[in-house]
Amino acid sequence: MKKTKDNFLDVAYFSMEVAINSEMMTYSGGLGVLAGDTLKTFADFKYTAVGITILHEQGYVKQSLDSAGQQISKSVLWNKEENLTKLPFTIEVPLSDHVVVCAIWQYNIEGQFGDIVPVYFLDSNLPQNTEYDRTFTSHLYGGDRFYRLCQEQLLGLGGLILLEMLNYNSDKVRIYHLNEGHASFVGLALYEQAKKLFSTHIEVIDYIGSKLVFTTHTPVEAGHDRFLISDVKHTLPASLFEKIPQECFLEDKLCMTLLSLYFSGIVTGVAKMHEKVTEKMFPEYDIIPVTNGAYHLEWTHPDLKKVYDEYIPEWTIDPSSLRKAISIPDEKIWDAHVEAKKKLIKYVNQFSENEFSVDVCTLGYARRFTSYKRPALILADLEKLENMISAVGSLQIIFAGKAHPSDEKGKDSIRGIYEIIQKHQGKIKMIFLEDYNMEMAKKLVAGVDIWLNTPLQKFEASGTSGMKASFNGVPHLSVLDGWWPEGWTEGVTGWSIGKNSSEARIDDLTSWNFEVEDLYQKLATNILPLYYQDRLGFIKIMKHALALNGSHFNTYRMMNDYVAKVYFPLKNGLNKKW
Ligand SMILES: *Cc1c(COP(=O)(O)O)cnc(C)c1O
């Protein structure tokens, strides 16, 4: 049956951050990148979908470091006029005793076959609004708890109002997909609407459950948004507030995750390991694992693209065919990698007094800087590492990543790494690149030789940068967390650090020391000897990373999983609750 595209939405996708390109600073990290990659994939799949988010017109933060390595976080106005189109109408979102008027800006994501998925950005910076209300769409993850609550109310309630303005009432939307709990008010607002359509509570709940999908990303209890009930009562319309189920309140707070768990028919986690961790946190709920992917066309370096175009021309429309990369001649992969590496090294040497060399094995570590990710783990005992590897060859390490401006520990670890880099006199060359963003990520995931990840086990929900590296044949060296237990075959697709533990979280010095020792041992006795003395053996691992992991940890496979396990069977809800 032919579907008229104009009056039906397969998916309305809500996300507090969406990463489309580096110029639009509307993202902070992996959550936004996943949202952007997902929306790009909707377009390639020809789904009728829209993305709904907030303008964040002053972005997240622009990072620079002072001479002591202290992060300086600036807000920068990015150019919305150049990137977006303003729609000819505004919406009114109720908040406290008044409304906040929002302009809507549109960005059209164009898929590789020309199909469009619009992304709508809410903008409250209008003269009709109070000074304070005008700031709600300025800063991603800025302000205090009350500010964040107002942002989430704009995203959730405003998003639904916008959909109705665009003529997508709930009978015209197949799925509302909430990327993390920031848009949890969507469930509550749908509940209020559905109450007018059905007579029994069960019918109402079934109806919402059949449409609402919630993806949780947060394996840390404290990471789940909670707002003071008194604040929520103040900001939400009374008719909505009184419909919040009692079980979503924890003491004097409203838990946004519980709100989404309550109303969603299906809840997904972002990796198999994350599903287990989440089910422990919320034992009454069934969590479906849909392991994340990265969008292959976004994250494959042009130098590698050329090779795949030649040997596996169908890889663009069918990234699962990257498994055939196993038969690409070794020198083709290696030469393309060296080209990407040369570009990266040239870029790095602009900022470095140390001359980084294309001939030295290079590790990359770049992501948000926050304690559980333990960015400084590899630097625990540099002298020891240098002694261990001195017989085989040297090492270069490239660090990058921003800390949230109020994350003192995250900023401390940047300063700590910066100090070590400044003081260090030995053979290992290191650099910290300022202002990590998508553009830099693209250079790094292809240009380094090994992608490093050292999170505290069971704290990384999925992680996606290692997947981006795999598209470029860059092997992953990582703690077995997030997606890595699924992609890891020791010495084949990359290497583990520490134990493959299914036990509870261990956060103590013993496990830290064990992991440092294991990392150093692997580098000294396994990885560097392979790199310097058995290049063909190293290239084999590169090809396995590409063929086994690039072919699987992409958003096409992820989307097929969503369709099969989440979007399609969503009927009466699979969530245990119903
Ligand atoms: C991919 C990406 C991330 C996420 O990296 P993780 O390994 O998942 O933490 C963060 N920031 C940028 C700019 C990225 O491109």
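This is a short chat about the ligand site and one pocket in a predicted model.

Q: Before we start, what should I know about the model and its numbering?
A: The model is predicted: local features need pLDDT of at least 70, side-chain atom pairs count only at pLDDT 80 or more, and totals for chains, interfaces and linings use all residues. Residues are numbered from 1 along each chain as its sequence is written, and side-chain values use heavy atoms, with hydrogens and water left out.

Q: Cool. Which residues come nearest to the ligand?
A: Lys 373, Gly 463, Thr 464, Ser 465 and Lys 468, out of 14 around the ligand; a residue is near if one of its heavy atoms lies within 4 Å.

Q: And how far is Lys 468 from the ligand?
A: A polar side-chain atom of Lys 468 sits 2.6 Å from a ligand oxygen atom. A polar contact is a pair of N or O atoms within 3.5 Å. For Lys 373, a polar side-chain atom is 2.9 Å from an oxygen atom of the ligand. Thr 464 has a polar backbone atom 2.7 Å from a ligand oxygen.

Q: Which domains does the shell draw on?
A: At least three residues come from each of domain 1 (11–292 + 559–572) and domain 2 (296–553), with bounds from an automatic or database domain assignment.

Q: New topic! How much space lies in the second largest pocket?
A: About 540 Å³, a volume being the space filled by probe spheres set on grid points joined across faces, edges and corners. On a 1 Å grid over the protein atoms alone, a pocket is an open set of points where a 1.4 Å probe fits, with protein on both sides within 12 Å along at least five of seven lines; lining residues have an atom within 4 Å of a point.

Q: Which residues are closest to its centre?
A: Phe 351, Ile 421, Gln 422, Met 430 and Ile 431, from a lining of 22 residues.

Definitions and conventions
Polar contact = N/O pair within 3.5 Å; in protein donor to acceptor, adjacent residues only side chain to side chain.
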